[in-house]
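Colleague: I should be grateful for a close look at a single helix and its surroundings. Please explain each term as you go.

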Amino acid sequence: MRHLKHRHSLGRTKEHRAALMANLAAALLTHGKIQTTLAKAKALRPFVEKIITLAKRAHGASPERALHLRRLAMARVRDKDAVAKLFRERASEFTARTGGYTRIYKLGARIGDGAEMAVIQLIAASDEGYPKKGRKPAAKKAPATAAEAPAEEAPVAVEEAPAEVVAEETAAPEATEEKKD
């Protein structure tokens, strides 16, 4: 069955789409950030993240396995310089990340044809992303009537500072005033 197979076709044939993704991925891996249409950026994200995962797996693998993974990446990206840069320099940056190597920012519509534009960029290894949303603690509700209020609250003990500390605090301003004269 062909269910869920029609995704990111971009109005191109399979060969044209593969060449487009290879060119966009090579530009992204070389420059770290590119500006393109939103549809192309959304199609590029899973493509390039799989290539980065290949490089990450090759980073700690045996030489034979690393060569195999590099050849798999070359078959998809088709640019020796971009793949070499990824496997030599950038793969070590992504070893600590478990995924999500790219980020897409929407820019708005292009003036000429109204196409939605976006910037897709590689995320730095030190970038932690957006803060995780946690649950806020529930606010304490005030008692509605006097009958529901607690009978008596125990007085809170307040610690008093030792007499020596109080004497030093009062003496300190006088000493500074004498120095000013």
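Modeller: The following account takes up helix α3, then its neighbour α4, and then the core to which both contribute. This is a predicted model, in which local features need pLDDT of at least 70 and side-chain atom pairs count only at pLDDT 80 or more, while totals for chains, interfaces and linings use all residues. Residues are numbered from 1 along each chain as its sequence is written, and side-chain values use heavy atoms, with hydrogens and water left out.

Helices (H or I, at least four residues) and strands (E, at least two) are DSSP runs, numbered from the N terminus. The helix α3 covers residues 63-77. The expected span of a helix is 1.5 Å times one less than its number of residues. For the 15 residues of α3 this gives 21 Å, and the end C-alpha atoms are indeed 21 Å apart, which agrees.

Which residues of α3 are buried? They are Ala66, Leu69, Ala73 and Val77, where buried means under 20% relative accessible area, exposed over 50%, and partly exposed in between (1.4 Å probe, protein chains only). Seen down the helix axis, the buried residues of α3 fall within an arc of 65 degrees, so they line one face of the helix; the arc is that of the directions from the helix axis to the C-beta atoms. The face turned away from this buried side carries the exposed residues Glu64, Arg71 and Ala75. The cover over the buried residues of α3 includes α1, α2 and α4.

After α3 comes Arg78, whose phi is positive, near 65 degrees. At the start of α4, a side-chain oxygen of Asp79 reaches to within 3.3 Å of the backbone nitrogen of Asp81. The helix α4 has its own buried residues, namely Ala82, Val83, Ala84, Leu86, Phe87 and Arg90. These pack against α1, α2, α3 and β3, with contact meaning heavy atoms within 4.5 Å.

The largest nonpolar core has 34 residues, of which Met21, Leu29 and Leu44 touch the most other members. A nonpolar core is a set of buried Ala, Val, Leu, Ile, Met, Phe, Trp, Tyr and Cys residues joined through side-chain atoms within 4.5 Å. Two or more residues of this core come from each of α1, α2, α3, α4 and β3, and the largest share, 11 residues, comes from α2. Leaving aside its neighbours within four places in sequence, Met21 is in contact with Leu10, Lys40, Ala43, Leu44 and Phe47.

Conventions
Polar contact = N/O pair within 3.5 Å; in protein donor to acceptor, adjacent residues only side chain to side chain.
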